[in-house]
Amino acid sequence: MNASKPVQWKRNLWALWLGNFVTGAGSSMSLPFLPLFISEMGNYSKAELSILSGVAFAVTFLSQAIVSPLWGKLADRTGRKPMLMRAAVGMTITATLTGLSPNVWILIALRLIQGAFSGYINNAYALMASEVPMNQSGRVMGTLTTGNVGGQLIGPIIGGFLAGILGYRIPFYCFGGLMLIASLSTLFFVKENFHPTTSQDKSESPFVHIKNPSIVWAMIISSMLIQAATTSINPILSLFIKELMHGSGNVAFVSGVIAALPGIATIFAAPQLGALGDKIGPQKVLIVGLIFCGVVFFPMFFVTTVIQLGILRFLVGISDAALLPVTQTVMTLNTPSEVVSRIFSYNQSFQAIGSVIGPLLASAVASALDYRYVFLMTVLLVLINLVVVTRAYRKDRRTTQSMAK
């Protein structure tokens, strides 16, 4: 059995990579054009459109934040594969129905329901975290990330092409079809040798089993802030590009290309940075990635052309490769397998909160000031994140030194 285990976790890795890929492709195929889709549902002012777009983005993650700990607790009792199937099938149905939305309020309601059943990618991380050898966790988490990011790379381009020709509903139907592929891939190719821990008190906090809870909490909060920063521009990106293009040309296709550019950098950088973290420690990779992220977002305030924005968006992909995969690795290294699903569900919940905060703040800033000021707000979020991470590691270092004495 021990000899076959490495073979099985590698098979799971590639099956989950495919699931992450189609999940990333499906969501990114539709979301960049959500504001443009909403704009066709009524005659809205710039401020109204910004607010409605922000709400439509945020409600999915609001419901996700509420239910994720409940799903995580259930996963530690029943296994991670059932949670993967729940997420894949749930998104198959809700994404398809979203394309049929007759008005913005039905669309928002469906996205709220979708959030309650989502979470495929985070459960994929949790399953692999419970199986992968510790000395390969950085590389494996980086590889798993390339699936999601690879999908996010190709999704907006295909979605922009289809939306520009056939309308904004078609990408949502494609999203549903891709999630059906994820459902089948998970059902037939993912094998989990799950044994529930009957002796563990399920009512107690999972953090009592973690050797460095302050570091894990810092990573969870960091994930929230990373998500808030990266999703903050989602409600305004296509609208900002439309403004830069002066309303002429195929805005949907160009928006898709610009949305995909970070993925090009991330898909190549994530495995290398994950392996680098295995060698020099994830702390250094994470801190440098945060600094680089702030440096890249700041000049976006000054861009005047789509090309300038595209170059900076490409560079954002490098910082993306150094952020979320590294936080996942740190949690993997500090979390025992019997509570890994609950810890990753807490992480997913906080990421979802970040995905609520980011778009809503961005919508408020854009409606009160201008689209450009969203980038300055993003820099502020990155700086807060940097302070959280560095303080946590300093505290942990002082605790370790005092224990050594």
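This report walks through the overall build, the buried helices and the surface patches of one protein model.

**Overall build**

The model is predicted. Its secondary structure comes to 16 helices and 0 strands. Along the principal axes, the C-alpha trace spans about 65 × 45 × 35 Å. The radius of gyration is 20 Å. A compact globule of 405 residues would have a value near 22 Å, so the protein agrees with that expectation. Of the 405 residues, 58% count as buried.

**Covered helices**

Which residues of helix α6 are buried? Helix α6 covers residues 120–129, and 10 of its 10 residues are buried. They begin with Tyr120, Ile121, Asn122, Asn123 and Ala124. Tyr125, Ala126, Leu127, Met128 and Ala129 complete the set.

Helix α14 runs over residues 324–334. Here 9 of the 11 residues are buried, so the helix is largely enclosed by the rest of the structure. Pro325, Val326, Thr327, Gln328 and Thr329 are among them. Val330, Met331, Thr332 and Asn334 are buried too.

**Four residues and their exposure**

The table lists four residues from four helices, with the relative accessible area of each.

| Residue | Helix | Relative accessible area | Class |
|---|---|---|---|
| Ala366 | α15 (residues 340–368) | 3% | buried |
| Tyr173 | α8 (residues 170–189) | 30% | partly exposed |
| Arg397 | α16 (residues 373–404) | 40% | partly exposed |
| Lys284 | α12 (residues 282–297) | 52% | exposed |

Why does Ala366 count as buried? Its relative accessibility is 3%, and buried means under 20%. Lys284 is exposed because its relative accessible area of 52% is over the 50% cut-off. Arg397, at 40%, falls in between, so it counts as partly exposed.

**Distances along and across the chain**

Two residue pairs link sequence to space. Ala366 and Ser50 are 316 residues apart in sequence. In space, their C-alpha atoms are 6.9 Å apart. Lys284 and Phe314 are 30 residues apart along the chain. Their C-alpha atoms are separated by 22 Å.

**Surface patches**

What kind of charge gathers at Arg391, Arg394, Lys395, Arg397 and Arg398? These residues form a patch of positive charge on the surface. One of them, Arg397, lies in helix α16.

There is also a nonpolar patch on the surface. Val89, Ile93, Leu97, Leu100 and Tyr173 form this patch. Together they have about 420 Å² of accessible area. Which helix gives the most to the nonpolar patch? Helix α4, residues 81–98, does so with 3 residues. Tyr173 is found in helix α8. At 30% relative accessibility, Tyr173 counts as partly exposed.

**In brief**

The protein has 16 helices and 0 strands. Helix α6 is mostly covered, and helix α14 is largely enclosed by the rest of the structure. On the surface sit a patch of positive charge and a nonpolar patch.

Definitions and conventions
Residues are numbered from 1 along each chain as its sequence is written. This is a predicted model: local features need pLDDT of at least 70, side-chain atom pairs count only at pLDDT 80 or more; totals for chains, interfaces and linings use all residues. Side-chain values use heavy atoms; hydrogens and water are left out. Patches are made of residues with over 30% relative accessible area and no salt bridge: like charges are joined within 9 Å, nonpolar side chains (Val, Leu, Ile, Met, Phe, Trp, Tyr) within 5 Å. Accessible areas come from the Shrake-Rupley method with a 1.4 Å probe; for residues, only the protein chains shown count as cover. A salt bridge is a side-chain nitrogen of Lys or Arg within 4 Å of a carboxyl oxygen of Asp or Glu. Lys and Arg count as positive and Asp and Glu as negative; His and the chain ends are not counted. The place of a charge is taken as NZ of Lys, CZ of Arg, CG of Asp or CD of Glu. Helices (H or I, at least four residues) and strands (E, at least two) are DSSP runs, numbered from the N terminus. Buried means under 20% relative accessible area, exposed over 50%, partly exposed in between (1.4 Å probe, protein chains only). The radius of gyration is taken over C-alpha atoms; the globule rule is 2.2 Å times the number of residues to the power 0.38.
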